Amino acid sequence: MNVRIGFIGCGNMAGAMIGGILKKKLVASDNMMASAKTRETVERASEQFGISVTQNNIEVAEFSNILVLAVKPVYMEEVIREIADHVKEDAIIVTLAPGKTLQWLKDTFGRKVKVVRSMPNTPAFVGEGMTAVCPNEFVTAEDLSVVKEIFESFGRCEVVKETMMDVVTGVSGSSPAYAFLFIEALADAAVHDGMPRKQAYEFAAQTLLGSAKMVLETGKHPGELKDMVCSPGGTTIEAVRVLEEKGFRSAVMEATLACIEKAGQ
């Protein structure tokens, strides 16, 4: 990939992206640059990834063909105002911040810019991320293909309508936290009945990993896969009965809907 990629912000998600890009050898390390507020953060990125680093956001903007704004929403306007006049005319801007619409981004830049909103998630750290992308009207099919290739270097990527971006936050952006809670709860129950904790986490986590893979690779409905495990009068259907009694599915749905609502504020 013959591009230069810059990251403004070098936190956990940016680090996961940089690691994925380098691991897949999409871009050489000397064609990547990252900035952060603190010297400690940029030095860590330099040591870990071997890329160019700086505390100067403008330097990154002037360097990049693809510029990833990996800053929290509260800082987004400040950063854009700082770099707007230094972004290359044909650069692709990729944002990670929820809630900042394509129209808001265009207005804040104050000029025609190619922008792709994205919502990755933390499983990108292990190459199993799920990312939604949404381009504005100035992004070409070729531009979008390049951006997708970047995100697919550490997982899966789908193009969605902008109206779905808040939904994506609920169903994939934030949902690893729900999965971790479930793993922890499964393991706690196993520990309660005598299994060593480390082993309990392994059993619980591998089971979720395998179950998710079954959904993705078999194409079967989750309900059908659930029924395959539930023998008549057996242990699994008894557990499912208790989960239903305790409002398991309703709790997950309500939590996700609350997350979507918060994302849109």
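The exchange below walks through a predicted model, from its sheet to its cores, salt bridges and buried polar residues.

Colleague: In what order do the eight strands of the open sheet run?

Modeller: The sheet is open and its pairing is mixed. From one strand to the next, the twist averages 20 degrees. The order of the eight strands is 3-2-1-4-5-6-7-8.

Colleague: Which strands stand at the edges of that sheet?

Modeller: An edge strand here has a single partner strand, so one side of it is left without a neighbour in the sheet. Two strands fit that description: strand 3 (52-54) and strand 8.

Colleague: Strand 4 and strand 5 pair, but in which sense?

Modeller: Four bridges hold the pairing of strand 4 and strand 5. Isoleucine 66 stands opposite isoleucine 92 of strand 5. The sense of the pairing between strand 4 and strand 5 is parallel.

Colleague: What angle does the direction of helix 5 make with that of strand 6?

Modeller: Helix 5 covers residues 102-109 and packs on the sheet. It touches strand 4, strand 5, strand 6 and strand 7. With strand 6, its direction makes about 135 degrees.

Colleague: Which element gives the largest share of the largest nonpolar core?

Modeller: That core has 37 residues, and Ile5, Phe7, Ile18 and Phe151 have the most contacts inside it. Several elements supply at least two residues each, including strand 1 (5-8), helix 2 (39-49) and helix 6 (141-151). The largest share is seven residues, and it comes from helix 1.

Colleague: How many residues are in the other core?

Modeller: It lies apart from the largest one. Among its members are Met76, Phe109, Val113 and Met119. Its size is 27 residues.

Colleague: Back to isoleucine 5: which residue numbered 150 does it touch?

Modeller: Isoleucine 5 is one of the residues with the most contacts inside the largest core. Leaving out residues up to four places away in sequence, its contacts include Val27, Met33, Phe63 and Val68. The one at position 150 is Ile150.

Colleague: Where in the chain does glutamate 162 lie, given its salt bridge with arginine 117?

Modeller: The two side chains meet at 2.9 Å, N to O. Arginine 117 belongs to strand 6, 45 residues apart from its partner, and the pair links distant parts of the chain. Glutamate 162 lies in the loop between strand 8 (155-159) and helix 7 (165-173).

Colleague: Why does arginine 117 count as buried?

Modeller: Buried means under 20% relative accessible area. Its partner, glutamate 162, is partly exposed at 29%. Arginine 117 counts as buried because its relative accessible area is 5%.

Colleague: How far apart are the closest N and O atoms of arginine 249 and glutamate 244?

Modeller: The structure holds 12 salt bridges, and this pair forms one of them. Arginine 249 is exposed at 55% relative accessibility, while glutamate 244 is partly exposed at 38%. Their closest N and O atoms are 2.6 Å apart.

Colleague: Which residues are joined into one network by salt bridges that share partners?

Modeller: Side chains of opposite charge can pair when their charged atoms come close. Here the bridges share partners. The network joins Asp90, Lys114 and Asp143.

Colleague: Is asparagine 121 buried or exposed?

Modeller: Asparagine 121 sits in the loop between strand 6 (114-119) and strand 7 (129-135). Beyond four places in sequence, it touches Met13, Gly129, Met130, Ser172, Gly173 and Pro176. Its relative accessible area is 6%, so it is buried.

Colleague: Which backbone nitrogen does the side chain of asparagine 121 reach?

Modeller: One polar partner is a backbone oxygen, that of serine 172, at 3.1 Å from a polar atom of the asparagine 121 side chain. The nitrogen lies at 2.9 Å. It belongs to methionine 130.

Colleague: What is the relative accessible area of threonine 169?

Modeller: Threonine 169 lies in helix 7. Setting aside neighbours within four places, its contacts include Pro98, Met119, Cys259 and Ala263. Threonine 169 is buried, with a relative accessible area of 8%.

Colleague: Which helices are included in what covers the buried residues of helix 7?

Modeller: In helix 7, Met165, Val168, Thr169, Gly170 and Ser172 are buried. The cover includes two strands, strand 6 and strand 7. It also includes two helices: helix 8 (176-192) and helix 12 (248-263).

How values were computed:
Residues numbered from 1 in each chain as written. Predicted model: local features only at pLDDT ≥ 70, side-chain atom pairs only at ≥ 80, totals over all residues. Heavy atoms only, no water. Buried < 20%, exposed > 50% of the residue type's maximum accessible area, 1.4 Å probe, protein only. Polar contact = N/O pair within 3.5 Å; in protein donor to acceptor, adjacent residues only side chain to side chain. Contact = heavy atoms within 4.5 Å. Core = buried A, V, L, I, M, F, W, Y, C linked by side-chain atoms within 4.5 Å. Salt bridge = Lys/Arg side-chain N within 4 Å of Asp/Glu carboxyl O. Pairing = 2+ DSSP bridges. Axes fitted to C-alpha atoms, helices over the stretch in contact; angles between N-to-C directions.
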